[in-house]
Protein chains: 4
Amino acid sequence: MQIKKRKLPKTQEIKLAKAPIKTVLSQNIVTTENSDQARELYTQGRYGVMLNSGKVQLSLIETAYLAERGAVDVVSESNRKVDFEKLIKKATKLEPNFWTRYCVFKDIRNRGYIIKTALKFGADFRVYDRGVKPGEDHAKWIVYPVQEASSLTWYEFSAKNRVAHSTKKRLLIGVLDAENDVTYWEIKWTRP
Amino acid sequence: MQIKKRKLPKTQEIKLAKAPIKTVLSQNIVTTENSDQARELYTQGRYGVMLNSGKVQLSLIETAYLAERGAVDVVSESNRKVDFEKLIKKATKLEPNFWTRYCVFKDIRNRGYIIKTALKFGADFRVYDRGVKPGEDHAKWIVYPVQEASSLTWYEFSAKNRVAHSTKKRLLIGVLDAENDVTYWEIKWTRP
Amino acid sequence: MQIKKRKLPKTQEIKLAKAPIKTVLSQNIVTTENSDQARELYTQGRYGVMLNSGKVQLSLIETAYLAERGAVDVVSESNRKVDFEKLIKKATKLEPNFWTRYCVFKDIRNRGYIIKTALKFGADFRVYDRGVKPGEDHAKWIVYPVQEASSLTWYEFSAKNRVAHSTKKRLLIGVLDAENDVTYWEIKWTRP
Amino acid sequence: MQIKKRKLPKTQEIKLAKAPIKTVLSQNIVTTENSDQARELYTQGRYGVMLNSGKVQLSLIETAYLAERGAVDVVSESNRKVDFEKLIKKATKLEPNFWTRYCVFKDIRNRGYIIKTALKFGADFRVYDRGVKPGEDHAKWIVYPVQEASSLTWYEFSAKNRVAHSTKKRLLIGVLDAENDVTYWEIKWTRP
């Protein structure tokens, strides 16, 4: 769970000087406090979705990322502290591939990209180019996180490429190794 | 929780010009005031069930939907206001998957369909075709709401299909993503 | 390995009255004898590809199917008999998912359809409508064979649908159970 | 084994009007006759290596390619004719994946590229850009031919990438399907 010590682009960085934002975990939904600092999670970092209430709703993966960095504090509905480890445990119960997905999410966020769900495109994540925010332009990549010890068939490989091609995005495979490092391969169908 | 700004068919639309209908939450049951406006929830929109008392009893999901649109005001038995957020919290304690189910309910209602519980059919929801009201004709679909990062065995998949087949309804899976959007797939058992 | 005793449409049926066609297995390639009967495998049943030599090259799956029906006899390059069981063993060494894929292939062929590889479309198989031969018209379905005890994520599910949509084919999942029966589900993305 | 009817760039094309060149197969080595026409195989098409004797030594794969096109005639050391089919059989005994490798070799050659062994780089083949001949410039790709139904671990995938990266070439995977068509994917290791 080593956080990579990379320099992040200014606009992505969360001011850690401030006190952590209070958030409440309710099953697989996390809601922030109602504050300007919380809303900046969405307006600056494009975490979560903005609620009518003025709070921000975060996914488990986003919450884990922010919790590990100390940017949010998580409590249960009965106001008990949910630390990072407990959060991972809870999330893994709900989402079997959580850890693999989390590590890839974290690594990409740490490199200064905004990464969001790509369910409707047929992939785990979509990633926007540096400096681009969702809505301003299309995502550049779709990303599939896999675990190093898994294997793949060429049919699956071909399917991922077809998805990327049909959504006009580049295909990125992020392979998580046993040391929680991610190796990326960009793949493109070609007719030489 | 952004409400999608779709145009709803006239008959489905709740006249928001009117004052919100008073409702009382008691555990997981919500009862409306005794008024013509309340009864229209049932007669026009097919929300809830009509009680002998002339009041309408709403489910938590229906209440949340109406509360988010400003069509009802909810108070506790001790007459304390229960706003939308509090309602979601209470509901999630009673039904862990409430949020996923709520988002799918809302999305389908917003598209102009009447959606009701399908417990007795073995599913979460049943959905009537546009313009059809419960009692006039059979429901067209049964709907299972799931969360994007969950996973599924083929046994579970098969069970859902069996239920749909045996109740002569179409099977709809509604997958909720982290941006609260729902993607639908219609599935049918086939012997090619 | 029970062969289903379904009546096959006339045009698909291989005249079993004739003696089996001689074929030679060389690694994962099978080549038939040079005879009219062998060429009918291709011209009538659309098995394999036609070679310049006038022989037909069959895939392991096609060969296993024809061998199980007694339509071909297989020998090794050193002219030793390779019976059905041995063939399955050899094939499984080369292609880990062979048995699952084989059972789905067999079941679909038995139902009177022509089924071919769909690697370039991003799926295992493509299937032509009854009476349609490759080249005459497009395939109707893409088919993914899976094993009942495996599980799937909604991202994978979405990817399969995206592939089907972008190739303008219908999506068929064939789930193989422990009794070698295949259950099919046709899935389509929908916006209700 | 349908040869694709693509137009080849002039410089690659072998003048088929001429009589086939005589070659002798001895185990896995093929040697041409001593003639200007034979030497053109090397000087024009970069097939094989030039021997001091003035003959050209061809690999099995090159020989099969030229034999299938009618550019060479092959005889055994005892002067018996070895036709294309027999050549493939002999080659497959020596190299189990010969057919897969052959089909990819042929497809790339047919597209107008010079393709040579890459054993010393740690891959099956290296491919030069169009118009480039070995010695003039470095090869552009290394190519791994695989069979569609095989499967792959991420470790193997990573190894192929490492080889490409360390030899400063692009990585191309050529996947052969049951219809002898090859689909290509170019892969590159990336740090996004």
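Guide: Two strands pair if DSSP finds at least two bridges between them. Keep that in mind as we walk through this model, which is predicted.

Visitor: Happy to. Which residue of strand 5 of chain C stands opposite C:Thr23?

Guide: Let's start from the sheet, an open one of 5 strands in chain C with the order 3-4-2-1-5 and mixed pairing. Strand 3 (49–50) and strand 5 (72–76) stand at its edges with a single partner strand each, so one side of each has no neighbour in the sheet. For strand 5 of chain C, a parallel pairing over 5 bridges links it to strand 1 (residues 21–26) of chain C. Within strand 5 of chain C, the residue opposite C:Thr23 is C:Val74.

Visitor: Let's go to the contact between chains D and A. How much of the area buried there comes from carbon and sulfur atoms?

Guide: In this interface, 29 residues of chain D touch 29 residues of chain A. Together the two chains bury about 2,800 Å², and the part given by carbon and sulfur atoms is 66%.

Visitor: And which three residues supply more than any other three of the area that chain D buries against chain A?

Guide: The area buried between the two chains is about 2,800 Å². A share of 33% of what chain D buries against chain A comes from just one trio: D:Trp154, D:Trp185 and D:Pro192.

Visitor: What about charge pairing there: which side chain meets A:Glu186 in a salt bridge?

Guide: Side chains of opposite charge can pair when their charged atoms come close. Across the interface of chain D and chain A, the rule finds 1 salt bridge. There the N to O distance is 4.0 Å, and the partner of A:Glu186 is D:Lys188.

Visitor: Which element gives the largest share of the side of chain D that touches chain A?

Guide: Between these two chains, 11 residue pairs are in polar contact. On chain D, the elements giving two or more residues to this side are strand 8 (141–147), strand 9 (151–153), helix 5 (154–166), strand 10 (170–176) and strand 11 (182–190). With 8 residues, the largest share comes from strand 11 of chain D. The whole side holds 15 nonpolar, 8 polar and 6 charged residues, and the element you asked for is strand 11 of chain D.

Visitor: Which residue is the bridge partner of A:Trp185 in strand 11 of chain D?

Guide: Strands of a sheet pair through backbone hydrogen bonds, either parallel or antiparallel. Here, strand 11 (residues 182–190) of chain A and strand 11 of chain D run antiparallel, joined by 7 bridges. In that pairing, A:Trp185 has as its partner D:Trp189.

Visitor: In chain D, which residue has the C-alpha nearest the axis?

Guide: A turn of 176 degrees and a shift of 0.1 Å along the axis lay chain D on chain A with an RMSD of 0.5 Å. This is the relation of a two-fold axis. The C-alpha of chain D nearest that axis is 2.4 Å from it and belongs to D:Ile187.

Visitor: Do chains D and A meet through the same or different surfaces?

Guide: The test is how many interface residues recur in the other copy. For chain D, 100% of its interface residues are also interface residues in chain A, so these copies meet through surfaces that are the same.

Visitor: Now chains B and A: through the same or different surfaces?

Guide: Chain B superposes on chain A (RMSD 0.5 Å) by a rotation of 74 degrees with 17 Å of shift along its axis. Only 4% of the interface residues of chain B are also interface residues in chain A, so here the surfaces are different.

Visitor: What share of the area buried between chain B and chain A lies on carbon and sulfur atoms?

Guide: Chain B brings 23 residues into contact with 23 residues of chain A. They bury about 2,000 Å² between them, and the carbon and sulfur share is 52%.

Visitor: Which residue forms a salt bridge with A:Arg126?

Guide: The rule finds 3 salt bridges across the interface of chain B and chain A. In one of them, the closest N and O atoms are 3.0 Å apart, and the partner of A:Arg126 is B:Glu179.

Conventions: Residues are numbered from 1 along each chain as its sequence is written. Chains are lettered from A and ligands numbered from 1 in the order in which they are written. This is a predicted model: local features need pLDDT of at least 70, side-chain atom pairs count only at pLDDT 80 or more; totals for chains, interfaces and linings use all residues. Side-chain values use heavy atoms; hydrogens and water are left out. Contact means heavy atoms within 4.5 Å. Buried area is the accessible area (1.4 Å probe) that two parts lose on being put together, summed over both. A polar contact is a pair of N or O atoms within 3.5 Å; within protein, one must be able to donate a hydrogen and the other to accept it, and residues adjacent in sequence count only if both atoms are side-chain atoms. Helices (H or I, at least four residues) and strands (E, at least two) are DSSP runs, numbered from the N terminus. Ala, Val, Leu, Ile, Met, Phe, Trp, Tyr, Cys and Pro count as nonpolar, Asp, Glu, Lys and Arg as charged, and the others, Gly among them, as polar. Copies are superposed by least squares on the C-alpha atoms of residues with pLDDT of at least 70 in both.
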